[in-house]
Amino acid sequence: MKVGVVTFPGSLDDRDAARAVRAVGGEAVSLWHGDADLRGVDAVILPGGFSYGDYLRCGAIARFAPVMGEIIERSRGGMPVLGICNGFQVLCESHLLPGALIRNDHRKFNCVDTRLRVENAGTAWTSDFEAGQEVTVVLKNGEGGFVADQRTLDELEGEGRVVFRYVVPDGGKNPNGSYRDIAGIANDRGNIVGLMPHPEHCVEEGYGPSLDGLPFFTSVLKQVVSA
Amino acid sequence: MGHVVIDVMLKPEILDPQGQAVNGALPRLGFEQFTDVRQGKRFVLSVDGEVTAEVLAAAREAAEKLLSNPVIEDVVSVRAQHADEQDPDQ
């Protein structure tokens with residue numbers, strides 16, 4: 001049950017992601033951006049942070065790191081990959097997930113607890129949730145607005161690939177201007193998931209608003225066991 | 001030494017929060033006549049020798065592959081720098 005966590009220059013949440021994997025009984029394996037070697041892992045997490053200082057575009061330079069070649073190839077073969085925040089940006093830049101993340105519409109950095117609705121409990125990273133369930137997970141981003149053209153958005157919704165949506169009160173706005181309140185999406189096979197909120201910060205009492213991040217990591221361990 | 005100039009802009013339909021911030025500041029300085037601001041990126045790539053057709057082709061490929069994200073941005077121009085433009089090394 002080895003889950004690799006990639007460290008890019010500027011990654012911040014790699015330690016927390018590894019800790020979350022261990023919290024549910026998995027073995028966390030550190031992967032270095034400069035090594036084209038996945039060290040025998042069964043799944044990979046691309047963590048949050050500011051890889052390469054967010055220069056050029058968030059995730060744009062990390063996408064071409066040596067470690068990404070094998071991640072892209074193996075994820076196309078079904079290996080579970082979770083991209084959190086900057087990791088989500090890397091997945092979009094890699095074209096493993098559609099769309100892009102742009103600067104928040106209100107132009108401020110966000111650091112808030114967010115209410116999310118689980119729209120798809122059938123992915124490798126969400127099978128321990130129930131569809132329609134609402135969870136609270138922390139969010140911290142400056143460039144978290146999910147955008148895509150209308151056709152892509154319609155496709156994502158039509159194929160059930162919107163995995164999480166921000167729960168927005170009547171008359172309110174989602175925290176970053178994401179189109180159609182989309183917080184997280186998956187590829188068609190459901191093994192690749194990206195989201196802006198940070199489940200790895202919500203796995204231990206005393207460190208966040210909830211323990212609602214745990215099912216991400218228990219879900220993937222079951223995937224890996226049954227695979 | 002030759003230089004290739006590449007301009008990248010957000011697609012018109014993509015919200016440009018940075019441009020909006022600049023647009024909001026202009027009237028405070030008395031510039032009331034501008035109705036919108038879109039902010040883009042310029043890259044200047046240097047090569048030893050002349051900017052040949054091959055150099056321009058490589059620059060176009062780099063622009064599509066790394067310098068822009070086709071989901072949200074357009075490469076609006078890739079061209080050799082004119083002789084009368086300022087050399088970035090000077």
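The following questions and answers walk through a predicted model of chains A and B.

Student: How many helices and strands are there in chain A?
Tutor: This is a predicted model, and we read its elements chain by chain. Of the 227 residues in chain A, 56% are buried. The elements of chain A are five helices and eleven strands.

Student: What radius of gyration does chain A have, and what would a compact globule with 227 residues have?
Tutor: The C-alpha atoms of chain A fill a box of roughly 50 × 35 × 35 Å along the principal axes. For a compact globule with 227 residues the radius of gyration would be near 17 Å, and the value for chain A agrees with that, being 16 Å.

Student: Among contacts in chain A between residues at least 6 apart in sequence, what percentage join residues at least 24 apart?
Tutor: Contacts can link parts of the chain that lie far along the sequence from each other, and R63(A) and V90(A) give an example, being 27 residues apart in sequence but 5.6 Å apart in space, C-alpha to C-alpha. For contacts between residues at least 6 apart in chain A, the share that joins residues at least 24 apart is 75%.

Student: Which strands stand at the edges of the nine-strand sheet in chain A?
Tutor: The nine strands form an open sheet with mixed pairing, and their order is β2-β1-β3-β4-β11-β10-β9-β6-β7 in chain A. Each edge strand has a single partner, so one side of it is left without a neighbour in the sheet, and the edge strands are β2 (27-32) and β7 (134-141) of chain A.

Student: By how many degrees are neighbouring strands of this sheet turned against each other on average?
Tutor: The sheet in question is the open one of nine strands in chain A. When direction is ignored, its neighbouring strands are turned against each other by an average of 25 degrees.

Student: Which helix packs on this sheet and touches β1, β2, β3 and β4 of chain A?
Tutor: The direction of this helix makes about 175 degrees with that of β1(A). Together with β1(A) and β2(A), the helix makes a right-handed β-α-β unit. The helix, residues 14-23 of chain A, is α1.

Student: Is β1(A) largely enclosed or left open by the rest of the structure?
Tutor: On one side, β1(A) pairs with β2(A) in the parallel sense over six bridges, K2(A) having E27(A) as its bridge partner. β1(A) also pairs in the parallel sense with β3(A) over three bridges, where the partner of V5(A) is I45(A). Five of the six residues of β1(A) are buried, so this strand is largely enclosed.

Student: Which residue in β4(A) is the bridge partner of I45(A)?
Tutor: I45(A) belongs to strand β3 (residues 43-46), which runs parallel to β4 (residues 81-84) and is joined to it by three bridges. The bridge partner of I45(A) in β4(A) is L82(A).

Student: Which residue of β11(A) stands opposite L82(A)?
Tutor: β4(A) and β11(A) pair in the parallel sense over four bridges. On the β10(A) side, where the pairing with β11(A) is antiparallel over three bridges, A186(A) stands opposite this residue too. The residue that stands opposite L82(A) is V193(A).

Student: Which residues of β11(A) point the other way from I192(A) and G194(A)?
Tutor: In a regular strand the side chains alternate between the two faces of the sheet. In β11 (residues 192-195) of chain A, I192(A) and G194(A) point one way, all four residues are buried, and those that point the other way are V193(A) and L195(A).

Student: Which residue in the turn between β10(A) and β11(A) has a positive phi?
Tutor: The two strands form a hairpin with five residues between them. The phi in question is about 85 degrees, and the residue is G190(A).

Student: Is R63(A) buried or exposed?
Tutor: R63(A) lies in the loop between β3 and α2 (66-76) of chain A, and the residues it touches include M68(A), V90(A), E93(A) and S94(A). A residue counts as buried if 20 or more other C-beta atoms lie within 10 Å of its own. R63(A) has 22 such atoms within that distance, and therefore it is buried.

Student: How many residues of chain B are in contact with chain A?
Tutor: On the side of chain A that touches chain B, the residues divide into five nonpolar, three polar and five charged. These 13 residues of chain A are in contact with residues of chain B that number nine.

Methods:
Residues numbered from 1 in each chain as written. Chains lettered and ligands numbered in written order. Predicted model: local features only at pLDDT ≥ 70, side-chain atom pairs only at ≥ 80, totals over all residues. Rg over C-alpha atoms; globule rule 2.2 N^0.38 Å. Buried ≥ 20, exposed ≤ 12 C-beta atoms within 10 Å, placed from the backbone. Contact = placed C-beta atoms within 7 Å. Nonpolar A, V, L, I, M, F, W, Y, C, P; charged D, E, K, R; others polar. Pairing = 2+ DSSP bridges. Axes fitted to C-alpha atoms, helices over the stretch in contact; angles between N-to-C directions. Right-handed = clockwise from strand over helix to strand, strands pointing away. Lists of a residue's contacts leave out its neighbours within four places in sequence.
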